[in-house]
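Q: Can you walk me through this model? Short answers are fine.

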Amino acid sequence: MNARRDLAEAVRELASAVAVTDVDDPDLAQAAASARELTKLLRERQLEDVPRTPYDEAVGATHYGWHLDNPALPGLTMVFEDGRATATIPDGLGKAYAGPPGKLHGGVGALLLDVLLSSLVQHHGVRAVTASLTVDYRAATRLDVPLRITGDIVGRSGRKVETVGALWCGEVATVEARGLFVQVG
Ligand SMILES: CCCCCCCC/C=C\CCCCCCCC(=O)SCCNC(=O)CCNC(=O)[C@H](O)C(C)(C)COP(=O)(O)OP(=O)(O)OC[C@H]1O[C@@H](n2cnc3c(N)ncnc32)[C@H](O)[C@@H]1OP(=O)(O)O
């Protein structure tokens with residue numbers, strides 16, 4: 001793992017610890033001061049934009065992980081095979097992503113599906129943006145079990161690419177999505 005990716009993962013771990021910590025105020029204050037020290041260090045040199053996989057590398061790649069370098073996004077390992085995208089979150093998402101108690105916030109499910117489906121469209125060589133994302137929540141998604149996300153392209157006409165995807169908890173598709181992507185360049 002490279003240093004940037006390792007840092008992003010460490011920050012996700014930190015956020016998930018902060019979300020449910022129960023330590024006393026002096027420890028919270030000390031943690032806040034330490035976090036601000038690190039922020040100061042990292043602000044010494046900043047990029048204009050988040051680093052991302054160059055478009056040419058995304059086309060036809062078997063996997064790529066631009067989102068793994070950004071701790072604001074959940075870490076998921078994406079693989080592209082036979083035209084289909086699959087991602088795994090082997091340890092589950094953790095309590096920080098809760099909406100209902102102990103269950104995934106719906107907006108995060110939508111985010112994960114948009115990340116996967118938009119990446120699948122890039123993988124197929126289409127520079128596109130999400131025009132529409134329709135999400136159906138079929139069952140609550142647990143936060144403490146491995147998750148899988150799948151995505152497929154189901155139609156293409158002109159600049160439009162239609163996709164479907166699902167978030168799986170075991171054999172149950174808890175979230176289903178249809179994404180319409182429109183080519184922009
Ligand atoms: C971008 C290039 C990247 C290259 C580098 C990649 C490197 C790869 C690495 C890493 C992957 C990164 C992945 C990034 C992306 C992540 C996903 C996002 O978060 S995207 C942000 C959220 N989405 C927006 O902000 C869109 C905002 N909307 C627009 O810009 C426009 O509305 C747009 C482009 C979608 C359409 O506008 P019009 O003027 O170009 O075209 P019109 O004529 O309106 O639509 C074209 C066709 O699409 C249908 N359409 C458009 N919007 C629709 C909708 N909401 N529902 C149904 N149909 C719709 C229309 O009816 C039309 O269909 P008919 O050709 O007539 O059959």
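**Domains and contacts**

A: The protein divides into domain 1 (3-42) and domain 2 (55-183). Those bounds come from an automatic or database domain assignment.

Q: What should I know about the model and the numbering?
A: It is a predicted model: local features need pLDDT of at least 70, side-chain atom pairs count only at pLDDT 80 or more, and totals for chains, interfaces and linings use all residues. Residues are numbered from 1 along each chain as its sequence is written.

Q: What separates the centres of domain 1 and domain 2?
A: 27 Å, taken over C-alpha atoms.

Q: How many residues of domain 1 are in contact with domain 2?
A: 10, and they meet 8 residues of domain 2. Contact means C-beta atoms, placed from the backbone, within 7 Å.

Q: Which classes are on the side of domain 1 that touches domain 2?
A: 5 nonpolar, 1 polar and 4 charged residues. Ala, Val, Leu, Ile, Met, Phe, Trp, Tyr, Cys and Pro count as nonpolar, Asp, Glu, Lys and Arg as charged, and the others, Gly among them, as polar.

Q: Now the ligand. Which residues are closest?
A: Ser118, Val129, Ala131, Ser132 and Val182 are the closest of the 21 that surround the ligand. The cut-off is a C-beta atom, placed from the backbone, within 6 Å.

Q: Which elements give two or more residues to that shell?
A: Helix H3 (55-58), helix H4 (106-123), strand E3 (128-137) and strand E6 (172-183). Helices (H or I, at least four residues) and strands (E, at least two) are DSSP runs, numbered from the N terminus.

Q: And the shell by class?
A: 8 nonpolar, 8 polar and 5 charged residues.

Q: What's the overall pattern along the sequence?
A: α-α-α-β-β-α-β-β-β-β. That is 4 helices and 6 strands.

Q: How do E1 and E2 pair?
A: Strands E1 (residues 77-81) and E2 (residues 84-89) run antiparallel, with 5 bridges. Pairing takes at least two DSSP bridges. Thr77 sits opposite Thr88 in E2.

Q: Which residue in that hairpin takes a positive phi?
A: Asp82, near 50°; the hairpin has 2 residues between the strands.

Q: Which face of E1 is covered?
A: Met78 and Phe80 are on the covered face, while Thr77, Val79 and Glu81 are on the uncovered one.

Q: Any record on what residues 102-172 are?
A: An unreviewed UniProt entry annotates them as "domain: Thioesterase". Positions follow the numbering used here, feature names are shortened, and annotations may be inferred rather than shown by experiment. The span is 25% helix and 45% strand, and its end C-alpha atoms lie 17 Å apart.

Technical notes:
A residue is buried if 20 or more other C-beta atoms lie within 10 Å of its own, exposed if 12 or fewer, and partly exposed in between; C-beta atoms are placed from the backbone. Two residues are in contact if their C-beta atoms, placed from the backbone, lie within 7 Å.
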